[in-house]
Amino acid sequence: MRNFALIVIVIISTNQVGGQLIRYTLSSTSTTVSALIDMFYQLPIFSGPFRVAEEIISSGRGAITGAITSLSGTVIHALGGHLPTLINKTILKHFDDIVADYHAGLGNEDITLSIEKIIEKYNHKVEKHFVTTEDQYCLTLFRIPNKGPAVFLMHGLLGSSDDFVVAGPEGGLAFLLAREGYDVWMGNARGNKHSKQHLILNPSDAIFWDFSWHEIGYYDLPAMIDYVLSSKNTSSLKYIGYSQGTTTFFVMTSERPEYNEKISAMIALSPVAFMTKVRSPIVRLFTPGTPLIYYITKIFGIHEFLPDNNVIRSLKFLLCGTLPLAEILCSNVIFLFTGFGYEQLNVTNLPVLYGHMPAGASVKQIVHFGQGTMSGDFKMFDYGYFNLKLYGNKEPPHYHLYKVVTPVYLFYSDEDWLAHPDDVEKLYSSLGNAKEMYKVPFEPFTHVDFIWGKDVKTLIYEKLKTILLTH
């Protein structure tokens with residue numbers, strides 16, 4: 001099996017660099033290669049296929065059926081005996097409706113409209129602003145101008161400012177806030193489709209992608225917030241973050257505590273800091289191999305997360321099967337990470353969502369989340385051997401959440417694959433000024449429902465609006 005694993009490593013390496021010829025001298029007795037293979041064995045996503053391939057090679061074609069069964073068992077065991085499925089009985093029950101609704105939405109022009117055109121279409125003014133960070137990344141902000149208080153919206157992993165408008169005028173958070181008279185500003189993190197520029201570097205440069213959500217919190221958010229405050233000539237604003245948009249806020253206000261006084265209130269939709277009990281199958285499958293994934297991708301020049309690759313396609317098969325519904329509901333990598341529920345899923349609007357996301361991210365962002373799942377802590381990026389040089393310690397420093405003294409309100413749900421209620425409660429206890437944990441009063445509410453759910457106006461916005469009025 002070790003020889004087969006070595007072959008797979010080489011195949012994966014050459015495949016992931018777009019077929020270019022990679023010439024390395026690999027010795028099967030090499031200590032480095034041996035260690036690399038051992039690390040591959042520890043990854044559930046690879047250890048199963050290695051064994052399956054060995055069975056097929058040694059037993060011939062007749063072993064294929066049993067081998068595939070073995071592979072499924074390996075993956076299920078890696079997930080603690082339970083493989084979450086996206087195509088469940090409830091969804092199958094509504095098969096005809098889902099297919100019909102999806103095809104009905106394919107003619108929606110919002111699929112291809114830019115965020116600016118969408119905002120204008122629904123009778124709002126829109127402005128586009130540009131900000132440069134301390135480390136010279138060029139970011140784009142979109143604004144729906146109003147005379148009311150400034151509200152800053154920050155997207156999640158693989159997202160963009162589009163996330164707050166693609167649900168349309170009755171569900172998009174940006175539209176709901178603008179209708180109330182708020183001056184709505186939407187940020188975009190470095191590396192997404194709206195913020196893919198740098199004063200010196202190009203996206204084709206490896207160093208351009210050398211950032212995780214730490215840099216987004218430490219550099220991007222402060223630059224954008226200062227710009228908004230200067231433009232409004234005011235001293236504070238209200239902040240609403242979703243998923244990674246909460247993570248980066250906690251980085252900013254713990255590492256640069258002077259920004260606490262610039263935020264009058266922070267509302268965290270599906271807050272992600274501690275990830276001990278994360279239920280996402282993709283995150284859990286890859287977490288044990290996070291260090292290996294990081295160094296392999298660096299060696300072979302894979303720095304931007306590309307959602308269409310062989311591993312993701314394999315996981316789509318395991319989670320969704322081959323039914324026609326799989327192409328409708330599982331074709332977007334974000335749903336493979338976060339899951340979804342039929343009850344709040346606006347199937348007719350799925351083509352619009354797919355037209356605007358995923359919007360881009362670095363591999364390092366995803367690796368950083370994987371490290372948090374492994375450690376159970378909320379810490380800076382773990383560089384392994386280089387921690388001592390970078391941090392003066394063998395372990396990366398913790399983010400001191402007690403320094404976050406902005407009034408914080410945490411919105412969570414039971415069926416969120418990424419923000420488990422126990423992890424949210426731990427976050428609540430760690431923050432310096434947490435005001436409330438608000439449980440969404442709808443049990444099958446999932447991670448993406450916080451911004452795209454059919455009933456977001458009643459389940460999320462009404463509570464959110466009340467909080468904003470008190471600050």
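**Entry 1: Asp-220**

I began with Asp-220, which I located in helix 9, residues 213–232. The model I am reading is predicted. I looked up the accessibility of Asp-220 and found 0%, so this residue counts as buried, the limit being under 20%. I then asked which side chain joins Asp-220 in a polar contact. The partner is Arg-190, at 2.7 Å. Leaving out residues up to four places away in sequence, I listed what Asp-220 touches: Thr-133, Leu-139, Ala-189, Arg-190 and Glu-215. Arg-190 therefore appears both in the polar contact and in the list of residues touched.

**Entry 2: nonpolar cores**

I next looked up the largest nonpolar core and noted 119 residues. Within this core, the residues with the most contacts are Leu-177, Met-186, Phe-250 and Leu-464. Which helix gives the most to this core? I found helix 9, with 8 residues. Another core lies apart from the largest one; this other core has 6 residues, among them Tyr-294, Ile-302, Val-367 and Tyr-383.

I followed Leu-464 further. Beyond four places in sequence, Leu-464 touches Leu-173, Leu-177, Ile-240, Ile-267, Leu-269 and Phe-411. Leu-177, one of these contacts, is itself listed among the residues with the most contacts in the core.

**Entry 3: salt bridges**

I recorded 21 salt bridges in the structure. Side chains of opposite charge can pair when their charged atoms come close. I examined three pairs.

The side chains of Lys-121 and Glu-109 form a salt bridge with an N to O distance of 3.2 Å. I placed Lys-121 in helix 7 (residues 115–121) and Glu-109 in the loop between helix 6 (95–105) and helix 7, 12 residues apart. Lys-121 is partly exposed because its relative accessible area is 31%. Glu-109, at 44%, also counts as partly exposed.

For Arg-143 and Glu-127, I noted a salt bridge of 3.1 Å, N to O. The pair connects strand 2 (residues 137–144), which holds Arg-143, with strand 1 (residues 127–132), which holds Glu-127, across 16 residues of chain. Is each partner buried or partly exposed? Arg-143 has a relative accessible area of 13% and is therefore buried, whereas Glu-127, at 28%, counts as partly exposed.

I then returned to helix 9 for Lys-232, whose partner Asp-183 lies in strand 4 (residues 183–186), 49 residues apart. The closest N and O atoms of this salt bridge are 3.1 Å apart. Lys-232 counts as partly exposed at 23%; Asp-183 counts as buried at 0%. I also noted that Glu-127, Arg-143, Asp-183 and Lys-232 are linked in a network of salt bridges.

**Entry 4: Phe-386 and its surface patch**

I looked for Phe-386 and found this residue in the loop between helix 17 (363–375) and helix 18 (387–391). Its relative accessibility is 45%, so Phe-386 counts as partly exposed. I noted that Phe-386 belongs to a nonpolar surface patch with Tyr-295, Tyr-385 and Leu-390. Together the four residues have about 490 Å² of accessible area.

**Entry 5: Asp-455**

My last search concerned Asp-455, in the loop between helix 20 (449–452) and helix 21 (456–469). At 36% relative accessibility, I entered Asp-455 as partly exposed. How far is its C-alpha atom from that of Asn-346? I noted a separation of 9.7 Å, although the two residues are 109 residues apart along the chain. Not counting residues up to four places away in sequence, Asp-455 touches Gln-344 and Ile-460.

Conventions: Residues are numbered from 1 along each chain as its sequence is written. This is a predicted model: local features need pLDDT of at least 70, side-chain atom pairs count only at pLDDT 80 or more; totals for chains, interfaces and linings use all residues. Side-chain values use heavy atoms; hydrogens and water are left out. Helices (H or I, at least four residues) and strands (E, at least two) are DSSP runs, numbered from the N terminus. Buried means under 20% relative accessible area, exposed over 50%, partly exposed in between (1.4 Å probe, protein chains only). A polar contact is a pair of N or O atoms within 3.5 Å; within protein, one must be able to donate a hydrogen and the other to accept it, and residues adjacent in sequence count only if both atoms are side-chain atoms. Contact means heavy atoms within 4.5 Å. Patches are made of residues with over 30% relative accessible area and no salt bridge: like charges are joined within 9 Å, nonpolar side chains (Val, Leu, Ile, Met, Phe, Trp, Tyr) within 5 Å. Accessible areas come from the Shrake-Rupley method with a 1.4 Å probe; for residues, only the protein chains shown count as cover. A nonpolar core is a set of buried Ala, Val, Leu, Ile, Met, Phe, Trp, Tyr and Cys residues joined through side-chain atoms within 4.5 Å.
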